[in-house]
Amino acid sequence: MKCNNSNFGFSLLELLIVVSIIGILASVAVPQYQTYTLRTEATTQVTAAVRPLQNAVSEFAALNGALPASWAELATVGFVNSTTGATITAGTELANGDVASVTWAQSSATAGNITIVFASSAPSDLRQSGANSVVIDAALNSVGAVTYTVDTAGTNTIPVQYLPKIG
């Protein structure tokens with residue numbers, strides 16, 4: 001049979017169904033996207049600030065068989081201020097972008113941690129009510145390599161969903 005009706009198109013009901021489906025999908029996607037962008041921001045900022053320190057700690061451990069106890073020991077492997085050539089003495093010298101400071105603390109000859117503190121200019125979710133730090137554990141293994149892991153034992157003060165992926 002042939003239809004003589006020349007009006008082709010979508011009914012109002014069909015259009016409303018499509019719009020409601022798109023709305024439901026958007027209500028799920030937008031929060032996930034916001035979490036993704038904040039985690040990317042945290043990872044990018046933390047990685048940029050911590051990589052020079054990680055490289056210096058790893059080099060020191062490879063040469064000395066132990067983790068450094070201080071910034072002065074890191075200077076022995078060339079970890080100095082690139083502008084002045086002076087020994088780095090404060091974590092604020094490694095600050096960049098949304099990172100206010102990066103600190104190193106040795107807890108034993110084979111363990112230590114790096115603490116990254118976000119600045120007040122960082123996105124608000126990364127600095128909620130004074131909670132604005134990420135702790136990265138460093139461990140010297142039996143073959144002399146240093147491994148780095150984001151501490152998930154509760155010492156981080158930013159929300160878990162924003163913790164960077166660092167190794």
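This is a short conversation about reading a predicted model of one protein chain.

Visitor: Where do I start with a model like this? Which elements does the protein chain have, and in what order do they run from the N terminus?

Guide: Start with the parts list, and keep in mind that the model is predicted. The protein chain has two helices and four strands. Reading from the N terminus, the order is α-α-β-β-β-β, with helix α1 covering residues 12–64.

Visitor: Next, overall shape. How does the radius of gyration of the protein chain stand against that of a compact globule?

Guide: The idea is to set the value beside a yardstick for the chain length. For 167 residues, a compact globule would come out near 15 Å, but the protein chain has 25 Å. The box tells you about the directions: along the principal axes, the C-alpha atoms fill roughly 90 × 35 × 30 Å.

Visitor: And what share of the residues is buried?

Guide: In the protein chain, 33% of the 167 residues are buried. As for the outside, the accessible surface is about 9700 Å², and carbon and sulfur atoms hold 59% of that.

Visitor: How do I read the charges? How far apart are the mean positions of the positive and negative ones?

Guide: You take the mean position of each kind and look at the gap. Here there are 5 positive and 9 negative charges, and their mean positions lie 17 Å apart.

Visitor: On to the strands. How do I follow the pairing, and in which sense do β1 and β2 pair?

Guide: Go strand by strand and follow the bridges. Strand β1 (residues 99–108) pairs with strand β2 (residues 111–118) in the antiparallel sense, over eight bridges. The two form a hairpin with two residues between them, and Ser108 has Ala111 in β2 as its bridge partner.

Visitor: What does β2 pair with besides β1?

Guide: With strand β3 (residues 133–140), again antiparallel, over seven bridges. For a landmark, find Thr115 and look across to Val135 in β3. Then β3 carries on to β4: five bridges join that antiparallel pair, with Ala139 opposite Thr147 in β4.

Visitor: Is β3 mostly covered or mostly exposed?

Guide: Mostly covered: six of its eight residues are buried.

Visitor: What should I look at in the hairpin of β3 and β4?

Guide: Check the backbone angles in the turn. This hairpin has five residues between the strands, and Gly144 there takes a positive phi near 95°. Ala145 is also in the loop between β3 and β4.

Visitor: Why does Ala145 count as partly exposed?

Guide: Because its relative accessibility is 34%, and partly exposed covers what lies between under 20% and over 50%. Leaving out residues up to four places away in sequence, Ala145 touches Ala139 and Leu140. Sequence distance and spatial distance are separate readings, too: Ala145 and Ala66 are 79 residues apart in sequence, yet 9.9 Å apart from C-alpha to C-alpha.

Visitor: Let's try a helix residue. Is Gln45 buried or exposed, and what is Gln45 in contact with?

Guide: Gln45 sits in helix α1 and is buried, because its relative accessible area is 17%. Beyond its neighbours within four places in sequence, Gln45 is in contact with Asn96, Gly97, Asp98, Val99 and Phe118.

Visitor: And a strand residue, say Ser101: buried or exposed?

Guide: Ser101, in strand β1, counts as buried because its relative accessibility is 15%. Its contacts outside the four-place window include Thr115, Ile116 and Val117, and also Gly91, Thr92 and Ala95.

Visitor: Can I put a number on such long-range contacts for the protein chain as a whole? What share comes from residues 24 or more positions apart?

Guide: Among contacts with a separation of 6 or more, residues 24 or more positions apart account for 47%.

Terms used:
Residues are numbered from 1 along each chain as its sequence is written. This is a predicted model: local features need pLDDT of at least 70, side-chain atom pairs count only at pLDDT 80 or more; totals for chains, interfaces and linings use all residues. Side-chain values use heavy atoms; hydrogens and water are left out. Two strands pair if DSSP finds at least two bridges between them. The radius of gyration is taken over C-alpha atoms; the globule rule is 2.2 Å times the number of residues to the power 0.38. Buried means under 20% relative accessible area, exposed over 50%, partly exposed in between (1.4 Å probe, protein chains only). Contact means heavy atoms within 4.5 Å. Accessible areas come from the Shrake-Rupley method with a 1.4 Å probe; for residues, only the protein chains shown count as cover. Lys and Arg count as positive and Asp and Glu as negative; His and the chain ends are not counted. The place of a charge is taken as NZ of Lys, CZ of Arg, CG of Asp or CD of Glu.
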